[in-house]
Amino acid sequence: VTSRLEGYHHGDLADFAEAELSALRIPDEVQAFLLRWFTAYIHESDPELSVEAAEEQARRINVNRLMESINQSDSVKLLATNPLLLTILAIIHQTMNTPLPTRRVELYKVVADTLIRNWRRSQTDHDNRILEMNISSTDIFQMMSHLAFWLHENEDRQGGTMPLEDWRREITFLLKDYGESDAVKELVDEFLHHASQEVGLLTERSPGQIGFFHLTLQEYLAAVEMARQDTDFRLQKIEKYWANPRWQEVLLLTAGEIKEKYTPAVLDAYLHAILDKEYSDPTQTGRSTFIAGRALADLGK
């Protein structure tokens with residue numbers, strides 16, 4: 001009997017021996033997973049093809065190419081060790097019929113979009129119930145971005161979580177304009193169900209403590225929110241967090257998100273704001289230069 005972690009609590013099945021599966025190993029377990037996945041996909045698309053022929057085609061056309069994309073980036077390797085995210089990488093590869101995006105912000109956007117907008121339909125052939133309640137997938141994406149930033153600022157430093165009641169309060173604030181209190185309460189419940197049970201972005205890490213199921217997606221969505229805010233907001237957060245290692249990835253991904261959506265002048269101002277911190281704290285000499293340089297390396301010419 002198998003279950004996702006958030007669908008099971010220790011001791012739910014009396015007299016069963018319990019074990020938690022480890023992350024997939026790279027390259028052998030990831031490669032074996034992909035070979036089975038693509039073989040099944042090809043065989044379903046062409047049932048007259050033998051399993052052996054489907055496997056050979058999967059290895060030659062799909063697995064080798066996708067493994068090459070995965071091995072080119074440490075951040076993509078981190079995603080690939082999770083079976084859910086690895087499945088999404090396989091779907092993206094199959095749908096795009098090209099190598100995975102090389103820039104992290106582009107790849108994370110496709111992964112987050114797939115989870116938030118398309119995952120339930122691809123798995124069950126049913127739409128998300130929440131979309132029938134006057135809230136769009138774009139609204140959900142923006143809400144998840146806000147919540148990721150909120151959590152990154154306020155989370156329990158040990159577990160990357162916040163109490164369920166705090167989540168309810170923050171989501172209620174985001175949905176306050178969607179109707180009367182009873183309607184909003186129902187929408188909050190449905191949103192939490194959608195985010196945790198249907199798409200799996202949120203998970204209960206310990207009783208009553210909720211967090212994102214993968215730190216990479218939390219960091220990316222927090223960066224989306226930071227890029228969406230105005231210049232003064234970003235400057236304030238740079239001032240507060242530039243020397244904090246927990247925020248380095250968010251700062252880097254924010255640069256990528258700004259490049260995607262705003263003018264070069266906005267990006268230039270953002271990078272200079274980071275670079276200028278070099279002179280504000282002698283104990284952090286080199287850190288801001290390193291972050292700005294990493295951002296440039298991510299962005300390309």
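## Helices around the second largest pocket

Four helices, namely helix 3 (74–80), helix 5 (104–124), helix 11 (248–261) and helix 13 (287–299), each supply at least two residues of the lining of the second largest pocket. The structure described here is a predicted model, and every value given below was computed from that model. The volume of the second largest pocket comes to about 250 Å³. Of the 18 residues that line this pocket, the closest to its centre are Ser73, Ser75, Thr102, Arg103 and Arg104.

When the residues of this lining are sorted by character, eight are nonpolar, six are polar and four are charged. Among the residues closest to the centre of the pocket, Ser75 carries a number that lies in the range of helix 3 (74–80), and Arg104 carries the number at which helix 5 (104–124) begins.

## How the helices pack

Two of the helices that contribute to the pocket lining, helix 11 and helix 13, also pack against each other at an angle of about 40°, with their axes 9 Å apart. Because an angle that is neither under 35 degrees, nor over 145, nor from 65 to 115 counts as oblique, helix 11 is described as oblique to helix 13. The crossing in which helix 11 passes helix 13 is right-handed.

A second helix pair is formed by helix 1 (residues 28–45) and helix 4 (residues 83–96), whose axes come within 11 Å and cross at roughly 50°. Helix 1 and helix 4 are therefore oblique to each other as well, and their crossing is right-handed.

## The open sheet

Three strands form an open sheet in the order 1-3-2, and the pairing in this sheet is antiparallel. Strand 1 (162–163) and strand 2 (202–206) are the edge strands, each of which pairs on one side only.

On one side of the sheet, strand 1 is joined to strand 3 (residues 209–212) by two bridges, and these two strands run antiparallel. Within this pairing, Met162 stands opposite Ile210 in strand 3, while the bridge partner of Pro163 in strand 3 is Gln209. Strand 2 and strand 3 also pair in the antiparallel sense, here over four bridges, and Leu202 has Phe212 in strand 3 as its bridge partner. Strand 2 and strand 3 together form a hairpin with two residues between them, and in the turn Gly208 has a positive phi of about 80°.

## Backbone details before helix 1

The segment before helix 1 holds two backbone features that a reader may wish to locate in the structure, one at Pro27 and one at Asp15. Ile26 and Pro27 are joined by a cis peptide bond, for which omega is about 5°. Asp15 has a positive phi of about 70° although this residue is not a glycine, whereas the positive phi in the hairpin turn belongs to Gly208.

Methods
Residues numbered from 1 in each chain as written. Predicted model: local features only at pLDDT ≥ 70, side-chain atom pairs only at ≥ 80, totals over all residues. Heavy atoms only, no water. 1 Å grid on protein atoms, 1.4 Å probe; cavity = no way out; pocket = protein on both sides within 12 Å on 5 of 7 lines; lining within 4 Å. Points joined across faces, edges and corners; volume = space filled by probe spheres on them. Nonpolar A, V, L, I, M, F, W, Y, C, P; charged D, E, K, R; others polar. Pairing = 2+ DSSP bridges. Axes fitted to C-alpha atoms, helices over the stretch in contact; angles between N-to-C directions. Left-handed = near helix turned anticlockwise from the far one by under 90°.
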